[in-house]
Amino acid sequence: MNASLNPAAATSRNTPDERFRFGIAGMTCASCVGRVERSLRAVPGVADVSVNLATETAEVRSARPLALETLDAAVRQAGYEVATRVVELSLQGMTCASCVSRIERALARVPGVAEATVNLATESARVRATGQASDADLVAAVVAAGYGASLTSQAAAKPGSERKTNSREVWHLRFAVLLSLPLALPMVALLWGEHWMLPGWLQFALATPVQFWLGARFYKAGWKALKARTGNMDLLVALGTSAGYGLSVYHLLAGSSHHGAQPLYFEASAVIITLILMGKWLEARAKRQTTEAIRALQALRPATARVRRPQGEVELPIEQVQLGDVVLVRPGEQIPVDGELLEGRTHADESLITGESLPVAKNPGDRVTGGAVNGEGTIALTTVAVGAESALARIIRLVEDAQARKAPIQRVVDRVSAVFVPVVIGVALLTLVGWGAITGDWNQAILNAVAVLVIACPCALGLATPTAIMAGTGVAARAGILFKDAEALEVARRVSIVAFDKTGTLTQGRPVLTEAIPAHGSTADLLSLAAALQAGSEHPLAKAVLAAAGGPGAARAEEVQALAGRGLTGRVDGRAAWLGSTQLMHELRIDLSAQDGLAERLAGSGHTVSWLAEEQGDGIRLRGLLAFRDEPRESAAEAVTQLHAMGLRTVMISGDNPGAAKAVASKLGIDEVRANVLPDGKAEVITELQRTGTVAMVGDGINDAPALAAASVGLAMGSGTDVAMHAAGVTLMRPDPRLVAAAIEVSRRTTRKIHQNLFWAFAYNVVGIPLAAFGLLNPIVAGAAMALSSVSVLANTLLLRRWHPTLNA
């Protein structure tokens, strides 16, 4: 597991003289134990260290507070890793960004926690911790902070709980509206000169249930915040509405008058609570819509599968299907597992998995993905992946990971949210004292302070970033674009250079042997020798040779050895032979002059040229050349055009000769070509390009892994079952280069939404709080504005759902 710990977890401290336990991965012998112990003892503050090889654990006793990442760095310096695990928690009771920071601090204080990230939009927490932090410890820390928590797996086992909560929220809102309307209508009637004011005791009777029954949630959450010595939105609402309600009760009981009428403000407190409840209900609806991409993917998981057994067909729960089982799927049914087609032919609808709108033809031997729909005919397939290892499960996990992690910009918002509520309460107190002292009108002073408290909204700040990330990653997944994390989503918008690997990315990856020209002997002999050398290879060029030769033939190669980036060598009929690039022939000092001109012409027309040489007598002689052609993908030229229209520079990196590489680049409109680049050299090219701009690397995610890791953003073309999902920040679920422009576009749109949301959230508070403090906002108007601020941020975010990739020129 990845043991590099986030700096944000620096608050995770171990108290002095307390033992700190964690697992160590990678130890094999007693010398490993000694190395780890010496490295840990060198950490300032460590009093004693004990490492156990049998249990692969370390126990550290500290003489002063230690940061967990300090111990992790010491372990990594010794050449090992601290073993961590990831725990998912479902949270209850969060209302604003202040709640997020409070829960994160509470979790970070649990001994053994390396990193804790809380998402307000999904009401979940993701905790990375060592074995010292148990699940019960994490749940207890959240509960102690004043919130509810349970393991996500346990929460998922109660599917009706969310529906019950939604139903209760709707009924509470209905009651609040019914009780508040009689209080609000007389205020509206005053605009037309009508006086419908209700008797004071009737106003009291209507407002009290709203204040203390329907508004009880604000008191409960506010009290929990106070006990934790912090503040949140609920505390602001509880203080504000209580002040208005309490002032009204005081005037009602005292029987005071103001120009012959009691100055009662029951309608203000009741309507404010009603408006906030309405805002929360709308907010919950919008949040559910932002997560619909995940729910759509989860809905693709069939609950059962029809398995062939010796006694016949058996319907089994999907959890009981094992690798190698033969599964039967009828027309129109969802394919329950990842498998290899054994019997039958069909067209599979994979639109919700890869974004490919047209059904894909499947023949025996083809791979099929669980969750796709079988279009025609009953098929049988051999199970190759189930459960957490299936393509669909990995896609869902990748999207969930991206939605759970924080974008870099969210860290700034968290710092603001941490001080937001105390600052607002301070401004409200200043407003109260200032108005009361200057005007002597304490009624108005209280109302203005109430307006300050109820207009301040940390909710909009807390929702601005995570909801946009959820919506952006959701629509991207629908289009077949998977972002590994929020950072990749945010960085992709800054890309100025897009570097493509040539083979399999811009081209089809299925080269065809077009020319086999012997320098000596016959074409058949040339092909036979080449086929013998490549008989066991999976390289695309090897497959092309074998296809042209009709198979490996009678000759057999021995001692075959790959020469990285240049070709291969082996012995055929006792003689050494070499097949590879011009560079390999130059290393062998073979004279190519007999076919040099021909090779240059073929390379200039877009062919990849390989040479074949054989040991003969006392030297090595050229046997001939092979010319391959790999046609560009149909959508490659359009993809490059789209990138140029976005103002991006394009570069093609190829191990091919300059002539062949430039021919393909010229056909597609690529700006710059780097040819003759060995696999190890691709990362160096990316590093060089990084000096002139932010670079995105597009490759197949296997031999391009170093370059994908070196780029600011790596985009891997894969099927979702590929190692590409681990090698890059972005995975393109189908081999369509146009998805590169789509990925950058959705990144730009999502980041723009984040910036828009944050602007409105900050601007709303920066403008609204001073207006309320100066007495220019009625508390009811302030409450309505507060309720609408979060809704407006979410409504702006939901506009992202209308995005679709442009796949036509």
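In the next few minutes I will go through a predicted model of this protein, beginning with the whole chain and then turning to one strand, one helix and one surface patch.

Let me start with the overall picture. The protein has 809 residues, of which 51% are buried, and its secondary structure comes to 29 helices and 32 strands. If we take the contacts with a separation of 6 or more, 69% of them are accounted for by residues 24 or more positions apart. As for the surface, the protein exposes about 35,100 Å², and carbon and sulfur atoms supply 57% of that area.

The strand I would like you to find is β9, which covers residues 124-129 and is mostly covered, with 6 of its 6 residues buried. Which residues lie on each of its two faces? On one side we have Ser-124, Arg-126 and Arg-128, on the other Ala-125, Val-127 and Ala-129, and both of these faces are covered. Please note that two arginines, Arg-126 and Arg-128, are among the buried residues here.

Now to the partners of this strand. Strand β7, residues 85-92, runs antiparallel to β9 and is joined to it by 6 bridges, and within that pairing Arg-85 stands opposite Ala-129. Strand β8, residues 113-119, is also antiparallel to β9, again with 6 bridges, and there Glu-115 stands opposite Arg-128. Between β8 and β9 the hairpin has 4 residues, and in this hairpin Glu-123 takes a positive phi near 50 degrees.

Moving along the chain, we come to helix α23, residues 636-645, where the buried residues are Ala-636, Glu-638, Ala-639, Val-640, Gln-642 and Leu-643. What covers them? The cover includes the strands β21 (497-501) and β28 (649-653), together with the helices α18 (502-506), α24 (658-668) and α28. After α23 comes Gly-647, which has a positive phi near 85 degrees.

Helix α28, which I have just named as part of the cover of α23, spans residues 738-773 and contains Phe-762. Is Phe-762 buried or partly exposed? Its relative accessible area is 30%, and because buried would require a value under 20%, this phenylalanine counts as partly exposed. Phe-762 also belongs to a nonpolar surface patch of about 590 Å², which it makes with Val-766, Val-767, Leu-771, Phe-774 and Leu-776.

To close, I would ask you to keep two places in view: strand β9, with both of its faces covered, and the nonpolar patch that includes Phe-762.

Conventions
Residues numbered from 1 in each chain as written. Predicted model: local features only at pLDDT ≥ 70, side-chain atom pairs only at ≥ 80, totals over all residues. Heavy atoms only, no water. Buried < 20%, exposed > 50% of the residue type's maximum accessible area, 1.4 Å probe, protein only. Pairing = 2+ DSSP bridges. Patch = residues over 30% accessible without salt bridge, like charges linked within 9 Å, V, L, I, M, F, W, Y side chains within 5 Å. Areas by Shrake-Rupley, 256 points an atom, 1.4 Å probe, with all protein chains shown as cover. Salt bridge = Lys/Arg side-chain N within 4 Å of Asp/Glu carboxyl O. Contact = heavy atoms within 4.5 Å.
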